[in-house]
Amino acid sequence: MAKVTEHIANSKGQPLFSIEIIPPVKGGKIDELLNDITPLMELKPKFVDVTYHREEYLSQTRDDGTVIQVKTRKRPGTVGICAALMHKFDTDPVPHVLCGGFTRDDTEDLLIDLNYLGIENVMALRGDHAKPFTSFKPRKGGHAYASELITQIREMNEGKYLHQTSEYLNNSDFCIGAAAYPEKHFEAESSRVDFEHLKQKVARGADYLVTQMFFDNRKYFDFVEKCRTHGINVPIIPGLKILSTKKQLEVLPRLFYLNIPEEFATAIRQCKDDKEVRKVGIEWCIRQCRELKAFGVPALHFYTMSKSTTTLAVAREVF
Ligand code: FAD
């Protein structure tokens, strides 16, 4: 097992192949997930991110007609999937750890489990608001921002636990990833303010960054240049999504606050069906990857949604 930053250091300047997967919907089979990603594992990703999905609140009508809100988690199982990945494949899992829905004590317990499992990497995120609410609210006793979560993880790495009840304080040694937004995080009032918050995450201990997806490499190149100019020197891993349905042309910009270059959007609009869209999406992503490789990125990180076909088609062309 190794840290993401160690994998990058050992890669001799060649970009690593890495992926992000999502847990199945509650009640799903882990074997199906593992089978779905097996073709990608043949390309030996050095690390695999596993997303975390916070609780949501659903309205349910009781027999007496009253409506109650029930708390449920649609995609549980992040930690179990990480353990299964370690057991079945030769790869380092990177569990995502959220502020949302967690108190500091919950976070500490989770980190202790991850540490005992021998997991060396975590991705520290704030997470979005719990559905159906429209704004993010931290739990009482939880973190409001990813930078605060990073501080807690860093302190545990220094052997500092909450409440210090034991004299046996073994430190963890997590490598910490954090999110970066070349096109600005949607809530931030300006790019300048968002960038200050990013600097704070790195100052507090983020060892590397993974970007939100983008379809215009210029956004990534400019962002990396800005980071380097302002003293952010940690590896910045580009996150890549292969556009594969016409609907995504409208959904992705709305959900992730990003721009799709006009040339690409026009090519997608001209497709007669989603089979053609996938072909165009794969070709666009191959072009992106080749340019990013030439730029010298530390890794090409694919948001796979736990499906392998399109990522495989791109990865075979670029690795
Ligand atoms: P933060 O860095 O805390 O920033 C959130 C907002 O607050 C930004 O607008 C920032 O500018 C602002 N801000 C930060 N610090 C301060 C401060 N001190 N004062 C005032 N404002 C501040 N979501 C999930 O639910 N599960 C996942 O597994 C998941 N994985 C992701 C992986 C990647 C690579 C990325 C890019 C995103 C992922 N997300 C995930 C989505 C992410 O949780 C959301 O984008 C969320 O809205 C922001 O998370 P963050 O960690 O970037 O937050």
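Select alanine 146 and the ligand: a polar backbone atom of this residue is 2.9 Å from an oxygen atom of the ligand. The model is a predicted one. Next, display histidine 96, where an N or O atom of the side chain is 2.8 Å from a ligand oxygen. Then add alanine 188, which has a polar backbone atom 3.5 Å from an oxygen atom of the ligand.

Turn on the ligand surface. On its own the ligand has 990 Å² of accessible area, and the protein covers 85% of this. Colour β5 (92-98), β6 (121-125) and α6 (191-204), the elements that each give two or more residues to the surrounding shell; α6 supplies the largest share, 4 residues. Now select the full shell of 25 residues, in which Asp128, Tyr181, His185, Asp194 and Lys201 come nearest to the ligand. Coloured by class, the shell shows 12 nonpolar, 7 polar and 6 charged residues.

Move on to the aromatic rings, of which the structure holds 11 pairs. Select phenylalanine 186 and tyrosine 257, a stacked pair with 4.6 Å between centres and 15° between planes. The two residues are 71 apart in the chain: phenylalanine 186 lies in the loop between β7 (175-180) and α6, and tyrosine 257 in the loop between α8 (248-256) and α9 (262-269). Phenylalanine 186 is partly exposed, at 32% relative accessibility, and tyrosine 257 is partly exposed at 42%. Select Phe214, Tyr220, Phe221 and Phe295 next, a cluster linked by ring pairs.

Finish with charges over rings. The charged end of arginine 126 sits over phenylalanine 136, 4.4 Å from the ring centre. Lysine 226 lies over the face of phenylalanine 195, 4.6 Å from the ring centre.

Key. Residues are numbered from 1 along each chain as its sequence is written. This is a predicted model: local features need pLDDT of at least 70, side-chain atom pairs count only at pLDDT 80 or more; totals for chains, interfaces and linings use all residues. Side-chain values use heavy atoms; hydrogens and water are left out. A residue is near a molecule or strand if one of its heavy atoms lies within 4 Å of it. A polar contact is a pair of N or O atoms within 3.5 Å; within protein, one must be able to donate a hydrogen and the other to accept it, and residues adjacent in sequence count only if both atoms are side-chain atoms. Accessible areas come from the Shrake-Rupley method with a 1.4 Å probe; for residues, only the protein chains shown count as cover. Ala, Val, Leu, Ile, Met, Phe, Trp, Tyr, Cys and Pro count as nonpolar, Asp, Glu, Lys and Arg as charged, and the others, Gly among them, as polar. Rings of Phe, Tyr and Trp (its six-membered ring) pair if their centres lie within 6.5 Å; planes under 30 degrees apart count as stacked, over 60 as edge-to-face and the rest as tilted. Buried means under 20% relative accessible area, exposed over 50%, partly exposed in between (1.4 Å probe, protein chains only). A charge sits over a ring if NZ of Lys or CZ of Arg is within 6 Å of the ring centre and within 35 degrees of the ring normal.
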